[in-house]
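Good morning, colleagues. Please take a moment with the sequence and the structure on the screen before I begin my remarks on the ligand and its surroundings.

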Amino acid sequence: MRIGVLTSGGDCPGLNAVIRSVVHRAVVDHGDEVIGFHDGWKGLLECDYRKLDLDAVSGILARGGTILGSSRVRPEHLRGGVETAKGHVADLGLDAIIPIGGEGTLKAARLLSDAGLPIVGVPKTIDNDIASTDVTFGFDTAVTVATEALDRLKTTAESHQRVLIVEVMGRHTGWIALHSGMAAGAHAILVPERPFDVAELARVVGERFEAGKKFAIVVVSEGAKPRPGTMDFAPGSTDVYGHERFSGVANQLSVELEERLGKEARPVILGHVQRGGTPTAYDRVLATRFGWHAVEAVHNGRFGMMTALRGTDITLMPLAEAVQHLKTVPAERYTEAECVL
Ligand code: F6P
């Protein structure tokens, strides 16, 4: 068989582990040929690719980023490029394409699959918000990086008796905030699923200082917003891919809390450090398993599906289901965390 692989959307620790696993399983065990498209769907649309043999994937298991490069493609550009993509797949003699990506990539994968292309998707995102899989690789690394940062920030916050508002990634869902906040013992966690009341936040933080504590750590997802009418909040804009461009919740909250509490408050925005660098052992294993099972799915003709983790097993889920809704943080998880406002 001849298999094309690509990585699309925001990068994520573990992408290289999937690529390596696909090549190992396909080339060594099945005698397949694998090519890698450069920069995501763009590479397929422009027929820009290279051959991936064992040498090409040597030493990449623990490397962050993606050796193939990644990019975002506007949905309308991809819709207009379906026939071009089909032509390139036919010209290259491809029997399957394995796109590795998040929500946007899987939506595109479904579009091309519905148009008749043989596709098996692999989900990735540090946000962990894809509904059909219990976990996506990249999430564990992001939580580990954020937790380490929070542990470090505690000591400097305490030295200066400050409130630190730490903004973590999480466009629509608060998984990274919830897990890193719980792991580091944050004093308040704000997530997009639950608009916050700034007066309540000020009360919680204020009571902590009144009780003699010297600092407070607030973890906030970049997509968290105040309850309407509870705080002046600058709205974000939308980028060319239809994604919300955030207006800086940590910056705005630090100004508001300083005013309300008379305590120094500083924003800390972790940003892309959560996505860069080497994946954790957990993410390497999950990514490797996804790659292995994606190749098996190709050989079993299970097109229009994506790999998914269910419990401890890897299974296949229809792409159609994967993109129907996001996996948000359920309300009972807030109770366990105690400090989700
Ligand atoms: O979806 C993954 C993610 O890391 C989000 O958490 C974040 O909002 C977004 O990507 C940022 O993407 P970029 O800056 O690469 O456009």
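Allow me to begin with a term: a polar contact here is a pair of N or O atoms within 3.5 Å. Please also bear in mind that the model is predicted.

With that cut-off in hand, consider Glu222. An N or O atom in the Glu222 side chain lies 2.5 Å from an oxygen atom of the ligand, and because the limit is 3.5 Å, this pair counts as a polar contact. For His272, an N or O atom of the side chain is 2.8 Å from a ligand oxygen atom. Asp127 places a polar side-chain atom 2.7 Å from an oxygen atom of the ligand. Of the 400 Å² of accessible area that the ligand has on its own, the protein covers 76%.

Which residues surround the ligand? They are Arg72, Ile126, Asp127, Met169, Gly170, Arg171, Glu222, His272 and Arg275. By class, this shell holds five charged, two polar and two nonpolar residues. The space that the ligand takes is the largest pocket.

Let me now turn to the domains. The assignment gives domain 1, with residues 2–138 + 279–322, and domain 2, with residues 140–275. Their C-alpha centres are 33 Å apart. In the contact between them, domain 1 takes part with 17 residues and domain 2 with 16 residues.

From which domains does the shell around the ligand draw its residues? Domain 1 and domain 2 each supply at least three of them.

To close, I return to the ligand: Asp127, Glu222 and His272 each bring a polar side-chain atom to a ligand oxygen atom, at the distances I have given. Thank you for your attention.

How values were computed:
Residues are numbered from 1 along each chain as its sequence is written. This is a predicted model: local features need pLDDT of at least 70, side-chain atom pairs count only at pLDDT 80 or more; totals for chains, interfaces and linings use all residues. Side-chain values use heavy atoms; hydrogens and water are left out. A residue is near a molecule or strand if one of its heavy atoms lies within 4 Å of it. A polar contact is a pair of N or O atoms within 3.5 Å; within protein, one must be able to donate a hydrogen and the other to accept it, and residues adjacent in sequence count only if both atoms are side-chain atoms. Accessible areas come from the Shrake-Rupley method with a 1.4 Å probe; for residues, only the protein chains shown count as cover. On a 1 Å grid over the protein atoms alone, a cavity is a set of points where a 1.4 Å probe fits but cannot get out, and a pocket is an open set with protein on both sides within 12 Å along at least five of seven lines; lining residues have an atom within 4 Å of a point. A molecule sits in a cavity or pocket if more than half of its atoms lie within 2 Å of its grid points. Ala, Val, Leu, Ile, Met, Phe, Trp, Tyr, Cys and Pro count as nonpolar, Asp, Glu, Lys and Arg as charged, and the others, Gly among them, as polar. Domain bounds come from an automatic or database domain assignment. Contact means heavy atoms within 4.5 Å.
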